Amino acid sequence: MRRMISVVAVLLSAGWSAVAAAQSGVEKLYVLNCGEGTAGDISRWSPGVNEGQSMAFVDNCYLIKHAQGWFLWDTGIPDAVAAMPDGLPAADPKAVHWYRPKTLAAQLDQIGVKPSDIKAMAVSHTHPDHIGNVEMFPTAMLYVQKAEYEWPGANNQPRFKPEHPVTLLEGDRDLFGDGSLVILSTPGHTPGHQSLLVKLPKTGGVVLSGDAVHFKSNWDNRRVPALNFSKEASVFSMEKIDAILQRDHAQLWINHDKAQRDGLKLAPEFYE
Ligand SMILES: [Zn+2]
């Protein structure tokens, strides 16, 4: 009888741990094409270096399937730009002229995910190439740093619709409490810029840069764009990311780096 009780206890505890395992961890990560463009003068991002040279940029969004639901990181150039034959010219010719070869909506549809399936989202920061489709997900909980949320926009406008559900962060946040999806506070590019650490079962750790860095040579040389909100904070944040990469043997995926994205699998393919 005692033996039978202990067997039942073992089975019960195994059952419980299986349930707990089923609710934790990241299962898949999709890299979505959220824009392509040409920067008129890349010295805008690397002061004094490569002046007058143009360079191709890309813009990524990342869809993550966590055991507890779908999570979207960054929303890219507005889908409406896909219908503009000449794309979205930049006001400053040195900046990026963006195109939208594929909509975010079409890529989600191809994967079989409805916008309403996405219960939580975060953006790295509030520049237009990252927040272009936030309101495609009007009920998704938005995780944003308080410093970014309260940063006055043009004409003192709020950066998000006040009615959009939001969780204001002041620092790092382990989103599901299992260490698999951790928002990293990485200010500098903007006051409340953030990056994302993703731990995938097969691929391992990946840090999604946001715009903590724009392309690899800037990362290698710790170069800070002249337009950043704080140079000192930008360098500090790059060092913070570097320490996490080393701690977790993680890769750095740089959002706007075309050469790197050309080597990545794009949706509907995915990383596990
Ligand atoms: Zn950007």
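User: Where does H214 lie, and what makes the flanking elements a strand and a helix?

Analyst: H214 lies in the loop between β11 (204-208) and α5 (216-221); helices (H or I, at least four residues) and strands (E, at least two) are DSSP runs, numbered from the N terminus. This is a predicted model, in which local features need pLDDT of at least 70 and side-chain atom pairs count only at pLDDT 80 or more, while totals for chains, interfaces and linings use all residues. Residues are numbered from 1 along each chain as its sequence is written, and side-chain values use heavy atoms, with hydrogens and water left out.

User: Why is H214 called buried?

Analyst: The relative accessible area of H214 is 3%, and buried means under 20%, exposed over 50% and partly exposed in between (1.4 Å probe, protein chains only), so H214 counts as buried.

User: What makes H214 a contact partner of residues such as W45 and H256?

Analyst: Contact means heavy atoms within 4.5 Å, and, leaving aside neighbours within four places in sequence, H214 meets this with W45, F57, H189, P225, I254, H256 and D257.

User: How do you know that β6 and its neighbours pair, and in which sense?

Analyst: Two strands pair if DSSP finds at least two bridges between them. Strand β5 (residues 118-122) and β6 have three bridges, in the parallel sense, with M121 opposite L142 in β6. β6 and strand β7 (residues 166-169) have four, also parallel, and there Y143 stands opposite T167. Strand β6 (residues 141-145) is mostly covered, with four of its five residues buried.
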